[in-house]
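Please look through the structure below with the following paragraphs at hand; they begin with a pocket, and then turn to a pair of helices and to aromatic side chains.

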Amino acid sequence: MSRPITVPDRRRRLLILAICCLSLFIVGLDNTVVNIALPAIQKDLDAPASGLQWVIDAYTLVLASLLMLSGSVADRIGRKRVFMTGLVLFVLGSLLCSLAPGLGWLIGFRAVQAVGGSMMNPVAMSIITNTFTDPAERARAIGVWGGVIGISMALGPLIGGFLVDTAGWPSIFLINVPVGLLACLLTFRHVPESRAPRARRLDPVGQLLMVVLLGCGTAAIIEGPGHGWTSPGILALAALALGALVAFPLWELRVAEPLIDPRFFRSAPFTGATVTAVCAFAALGGFLFLNTLYLQDVRHYTPVVAGLWTLPMAGLTLLAAPLSGRIVAGRGPRLPLLVAGAAIAASGLLLTRLTADSSALLLLPAYALFGVGFGLVNAPITNSAVSGMPLSQAGVAAAVASTSRQVGQSLGVAVIGTVVTSAVASAGGFTPATHAGWWIVTGLGLTVLLLGLLTTTPWAAATAARVAARIDHPADGPRRDPAGRTR
């Protein structure tokens, strides 16, 4: 006989929220803090440009690949247990990164970090959802949680610049160790254990296909210029990625409880949120990657000064993120999406005029516009992803949006980094080569703008309602599991 669930008092609920936000802060910080350390890592470990791309993408790819799996496992065996395991792995990975003797070791330890991070991000959201049972209080808690995402990613370059300048690049990883251990201790003492009443089945084949798709696809993009696009290894990676891309939806249609339900994508708001997340975070990944190398390698600024140059982006992201949440709550996602897309596109367009000695009159407005766009885009992504979904599927839909963010950042670093590094010789230097990358950022912003127009219409809302009705009352006939049993 199971024990009755006791709801923690308000003080303990707020403490649990703070613990979860603390864990999210260090996971989110690691998405961007490493960018500012790339020139130092390149010099110390003699890393090529493709190696720097892997330092970023080893983390975001593994995180994206395992988010859905970690959430399902936590629902099954216990959220507190998985959350604490994730914290321990994240701390261990961070410590190992700080001690990495070479580039390959650093990339491998970044993957260990990401395995831990994947157990913290979605599981913390589940803990918050189960701790705050009052709908209004839960909405406020989730709003705080969403704000921490923007804060952590915006502060990454500033914190990273200070640490690299004062203590060297290993310090950006060492800072996670005491914070992670404190979060682990507080979790052990104050966070109650919880499980889903009925845990979703695991989908190991779907999980494997997702790993192959993301890993092989990104590897082909990053390593293509160095090995040759028609080399046997690159062609094999591309073929594996393409095969996984075709097989994944076919497999998910057969499974009783798929990793990602393909029916979700019949909802225009959900599909729009997924593509918007990929585009916005691809723009972020490219923006940070190019600006870090430009400010430190071309302008020869120290990491601290380079971080300070991004202050307009960080500050306006912090201001725009909560404003976006209020606008979405009061007027819906349309306005923030349109302004976000326009601001990101305008930022990219300004930076297509970048030169080695561009003045602050070009750089600061471009950074400010990007901060406004990125700050406004997060709240409508989550809102649109769960819009119209049944409550039983809202968590899964939000997890897909989180995965899309990580996929987007990985692709941004891989694609934009590869396009720019491939063009350096023909363009006559790094700065003119970045123009191709900034045109890609401009196109990504315009895509966000277009999706904001299309997915916030009455037609789009009707598609979401139809999907919700089909999921609650399937009309597509019985779905079968791999053994042929009907659901």
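In this predicted model, the second largest pocket holds about 660 Å³ of space. Its lining is made up of 25 residues, and those that lie nearest the centre of the pocket are Leu213, Leu214, Leu245, Phe248 and Val407. Four elements each give two or more residues to this lining, namely helix 9 (204–227), helix 10 (232–254), helix 11 (268–298) and helix 16 (391–427). Sorted by class, the residues that line the second largest pocket comprise 18 nonpolar, five polar and two charged ones.

Another place to look is the packing of helix 4 (residues 79–98) and helix 5 (residues 103–131), whose axes come within 7 Å and cross at roughly 150°. Because an angle over 145 degrees counts as roughly antiparallel, helix 4 is roughly antiparallel to helix 5. The crossing of these two helices, helix 4 and helix 5, is left-handed, and their contact has 16 nonpolar residues, together with nine polar and two charged residues.

Aromatic side chains offer a further view of the model, in which the count comes to nine aromatic pairs. One of them is formed by tryptophan 105 and phenylalanine 109, with 5.7 Å from centre to centre and 35° between the planes, so that the pair is classed as tilted. Both residues belong to helix 5, and because tryptophan 105 and phenylalanine 109 are four residues apart there, about one helical turn separates them.

Key: Residues numbered from 1 in each chain as written. Predicted model: local features only at pLDDT ≥ 70, side-chain atom pairs only at ≥ 80, totals over all residues. Heavy atoms only, no water. Axes fitted to C-alpha atoms, helices over the stretch in contact; angles between N-to-C directions. Parallel < 35°, antiparallel > 145°, perpendicular 65-115°, else oblique. Left-handed = near helix turned anticlockwise from the far one by under 90°. Nonpolar A, V, L, I, M, F, W, Y, C, P; charged D, E, K, R; others polar. 1 Å grid on protein atoms, 1.4 Å probe; cavity = no way out; pocket = protein on both sides within 12 Å on 5 of 7 lines; lining within 4 Å. Points joined across faces, edges and corners; volume = space filled by probe spheres on them. Phe/Tyr/Trp six-rings, centres within 6.5 Å; stacked < 30°, edge-to-face > 60°.
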